[in-house]
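Hi,

Here is the structure I promised to pass on. Please open it alongside this email; my notes on the disulfide and the salt bridges follow.

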Amino acid sequence: QVQLVESGGGLVQPGGSLRLSCAASGRILSINVMGWYRQAPGKERELVAVITSGGSANYADSLKGRFTISRDNAKNTLYLQMNTLQPEDTAVYYCNAFIRATARVTLNVWGQGTQVTVSS
């Protein structure tokens, strides 16, 4: 069984920073693309950023310059550094990864989500 576990969410004041982590565990041969998504109350889930195993990253246009995605392939861990947070960044943040579990099986795995609340 393969799973993703997020951590690092919480309550932060406007202008503050948070760093999210997502650790993959289980039967893993390799991990291809990993990404962060978020879902605010009453809204659809949206892309935050994705990163390939080689470190190439893409961001939602509205978040460029404030958020940084990175990964540690040796630790099977994904990170999201979020700076200058604003109330509109309040959402549940989800980790996603395409994980090769066997030579023939690649799984699209989601974490359970971590709440980020930006409020004074």
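E46 is partly exposed, because its relative accessibility is 37%. That falls between the 20% limit for buried and the 50% limit for exposed. Bear in mind that this is a predicted model.

E46 pairs with R38 in a salt bridge. The closest N and O atoms are 2.7 Å apart. R38 itself is buried, because its relative accessibility is 8%. So a partly exposed E46 meets a buried R38.

R38 has a second acidic partner to look at. D89 also forms a salt bridge with R38, with 2.9 Å between the closest N and O atoms. This pair links distant parts of the chain. R38 sits in strand β4 (residues 30–39), while D89 is in the loop between β8 (77–82) and β9. The two residues are 51 residues apart. D89 is buried as well, because its relative accessible area is 1%, under the 20% limit.

Now for a pair elsewhere. K64 and D61 meet through their side chains in a salt bridge, at 3.3 Å from N to O. Are these two residues buried or exposed? K64 is exposed, because its relative accessible area is 51%. D61 is exposed too, because its relative accessibility is 65%.

How many salt bridges does the whole structure hold? The search finds 4. Some of them share partners, and these join R38, E46, R66 and D89 into one network. As background, side chains of opposite charge can pair when their charged atoms come close.

Next, the cysteines. The count comes to 1 disulfide. It joins C22 to C95, with an S to S distance of 2.0 Å. That is a disulfide because the sulfur atoms lie within 2.5 Å. The link of C22 and C95 is left-handed, with -75° about the S-S bond.

What does this disulfide tie together? C22 lies in strand β3 (residues 18–25) and C95 lies in strand β9 (residues 91–100), so the pair ties together parts that are 73 residues apart in sequence.

Where do the two cysteines stand on accessibility? C22 is buried, because its relative accessibility is 0%. C95 is buried too, because its relative accessible area is 0%.

To find these in the viewer, start with R38 and its partners E46 and D89. Then go to K64 and D61. Finish with C22 and C95.

Best wishes

Key. Residues are numbered from 1 along each chain as its sequence is written. This is a predicted model: local features need pLDDT of at least 70, side-chain atom pairs count only at pLDDT 80 or more; totals for chains, interfaces and linings use all residues. Side-chain values use heavy atoms; hydrogens and water are left out. Helices (H or I, at least four residues) and strands (E, at least two) are DSSP runs, numbered from the N terminus. Buried means under 20% relative accessible area, exposed over 50%, partly exposed in between (1.4 Å probe, protein chains only).
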